[in-house]
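User: Please take a close look at one part of this model, the interface between its two chains. I would like one connected account of what makes up that contact.

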2 protein chains.
Amino acid sequence: MLNFNYSIPTKIFFGKGQIKVLGNQLKLYGSKVLLVYGGGSIKRNGIFDKAISILKENQINYWELSGVEPNPRITTVRKGIEICRENSIDIVLAIGGGSSIDCAKVVAAGYYYEGDAWDIVVNPRKIKKVLPIASILTLSATGSEMDVFSVITNMDTNEKLGTGHPDMAPKFSILDPTYTFTVPANQTAAGTADIMSHIFEAYFEKTKEAYLQNRMAEALLKTCIKYGKIAVEDPENYEARANLMWASSLAINGLLSYGKRSEWSVHPMEHELSAFYDITHGAGLAILTPHWMEYVLDDSTLDNFVEYGINVWEIGDNQDKYDIAKQAIQKTKEYFISLGIPSTLREVGIEENKLEKMAQQATRYGNVGNFKQLNTQDVLNIFKAAF
Amino acid sequence: MLNFNYSIPTKIFFGKGQIKVLGNQLKLYGSKVLLVYGGGSIKRNGIFDKAISILKENQINYWELSGVEPNPRITTVRKGIEICRENSIDIVLAIGGGSSIDCAKVVAAGYYYEGDAWDIVVNPRKIKKVLPIASILTLSATGSEMDVFSVITNMDTNEKLGTGHPDMAPKFSILDPTYTFTVPANQTAAGTADIMSHIFEAYFEKTKEAYLQNRMAEALLKTCIKYGKIAVEDPENYEARANLMWASSLAINGLLSYGKRSEWSVHPMEHELSAFYDITHGAGLAILTPHWMEYVLDDSTLDNFVEYGINVWEIGDNQDKYDIAKQAIQKTKEYFISLGIPSTLREVGIEENKLEKMAQQATRYGNVGNFKQLNTQDVLNIFKAAF
């Protein structure tokens, strides 16, 4: 196990009706709130009205940054920073999924940064101070509600980049599984794939002595596999929604990666797809993951895949190791298909003639991943296999 | 899954050489430190000298509360409070295992309490404010390094009681697995049993829809089973010591119990054994646990034991459920014996004529446990079976 410094300070208020804590929690930080949210779904399902009524009851003033895109854009972040500065905002409250929370995080960090906000996306070291952030989660996927990261897209440059800072962890997040009852099947499926991909990024790594972390990763994978299917088929199943919601937070808050090397593989590749085509992040991940697995499977990674097959997919251990590994990859592929996620890049509208450009972009800062390092040609090969 | 409010604010500095952070971390809270520790082991293995040299380098003044007992006593707590008050201590730093940390916690809470410190053990609600606490861990067992609890013994009344407060979570804990290399085999074994018992207390509970929590509990149990044995046989095995150390913290910091009902069974019974006889807590737990399991196994708890048998002990699922459950209990018993832990109460010096008195004490506030509620006669039956 590698050395690590653990810090997960976000408070989580989990369960039905937990929005009741909103007023008191916000007032710990001030009385001027910027609400950050996306489209109209939180208005249709009543969550927005509920939050507003609590703000009013508590004499909390609020401003709004609405229309945050599914892949949140730096242009929207800039608007949010302006509102914060004009009104001396005390705390930024995202209501929504990862997009709204990611946007809120860079708004909160950009508030204290004098230059253009894109600078702190490109170079997280420029972040020195961050406004308090909180969230009300409505989609189980990115884990942004409990982590320090944010991914922002710059459509001018076709770039989608991750940034992060310890102070970008939300002060608190409200996780009410009933808020995800209205998430449509395709978004539920993509969210589940996103959670699983976060787990994979921590799990497929060679620090073998991180036994505890690997067994916990398997616990979370089994949870996703069991409940992703149920939530797609039975959207108001509280047990399924609750297990997925808590898995989304634990998958990426550090619990699985502390003590291991962390260098992601599939996410950096997928980011290029959604930077160029604005596709659903989780669908892109689900399409690429099995092909990435097939591509990196060799003698040096075999044992990881065997462990995965036996412990997650319950494949009998009395078989050839490569057979176990290949079955596990096949089961992964079939699982994503069973959730209704497209299985090829062409199905989501990606053009073959862009693959090379995207592979170049994915590797412009060097090889991708550490489990098995991938150069431009490797990434292109994976894109082609997934096409 | 039940509603929960998650908060685990303790920072963990994990790994070899992490004591290097001690000076800077302490200075965040002040310059006057009370060191709380037990016997001479930290002086023999150099940890004490290392800590002192860091304090001196950083111009941090320190006072000492030494001689904390294995089951820390309220008399020692009172001494610590006196030192804190006389010297306006800023932070209480425990160096040692759970005993020293538990003692430090009630010293820190007692500092602000005007009455006698035993009051805040008997009634945690009287705790209103707590001095900052930190720890350098030297034994993987109680999890006190990352939780809000403390157990203190009053030898005048033969009482051993738990108390707790959110502010009793250490601000930071330093977990260097090499500091446990010198822990003798019997203490390593008892520590492993203690960790496993914390996991069992969360795991054997009937909130079935807490699937995620139960799979994580199994991940931790497998870790203990694998590495407890290795650490007993090969005390300087870093991988084993690291996995056990991190498991000790995660077992009881709330991760496994958030979202479930939590009402402990075996701990309250064992506390009477060590209150009356000052035996090693973990050994008492290991002796009682299999007998408690046998006693509570019935149709209402069967499924939990079957899950335990299949997922933790890898017993084939193509058998009669009761057979699986009984095999799992037998394997638990055999495992503790394989660690060298005594398997009967008489072996650790407990007298048969005290069993009834201890059973009465264990149930003086009502039935024990919730998985299956145990009255005085039930507890006595378990004590007799374990005698």
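Analyst: What follows describes the contact between chain B and chain A. The model is predicted, and every value here is computed from it.

The size of an interface is often given as the accessible area lost when the parts come together. For chain B and chain A that area is about 3300 Å², with 63% of it on carbon and sulfur atoms. On chain B's part, B:Tyr6, B:Tyr211 and B:Leu212 supply 20% of the area buried against chain A, more than any other three residues. By residue count, 38 residues from chain A and 38 residues from chain B take part in the contact.

As for polar terms, there are zero salt bridges between chain B and chain A, where a salt bridge would need a Lys or Arg side-chain nitrogen within 4 Å of an Asp or Glu carboxyl oxygen. Polar contacts do occur: 14 residue pairs across the interface meet the rule, both residues being at pLDDT 80 or more.

On the side of chain B that touches chain A, the elements giving two or more residues are strands E1 (4-6) and E2 (11-14) and helices H8 (211-233) and H9 (238-250). H8(B) gives the most, with 11 residues. Sorted by type, the residues of this side are 22 nonpolar, nine polar and seven charged.

The strands also link the chains. E1(B) pairs with strand E2 of chain A (residues 11-14) in the antiparallel sense, over three bridges. In this pairing, B:Tyr6 of E1(B) has A:Ile12 opposite; B:Tyr6 is also one of the three residues named above for their share of the buried area.

Methods
Residues are numbered from 1 along each chain as its sequence is written. Chains are lettered from A and ligands numbered from 1 in the order in which they are written. This is a predicted model: local features need pLDDT of at least 70, side-chain atom pairs count only at pLDDT 80 or more; totals for chains, interfaces and linings use all residues. Side-chain values use heavy atoms; hydrogens and water are left out. Contact means heavy atoms within 4.5 Å. Buried area is the accessible area (1.4 Å probe) that two parts lose on being put together, summed over both. A polar contact is a pair of N or O atoms within 3.5 Å; within protein, one must be able to donate a hydrogen and the other to accept it, and residues adjacent in sequence count only if both atoms are side-chain atoms. Helices (H or I, at least four residues) and strands (E, at least two) are DSSP runs, numbered from the N terminus. Ala, Val, Leu, Ile, Met, Phe, Trp, Tyr, Cys and Pro count as nonpolar, Asp, Glu, Lys and Arg as charged, and the others, Gly among them, as polar. Two strands pair if DSSP finds at least two bridges between them.
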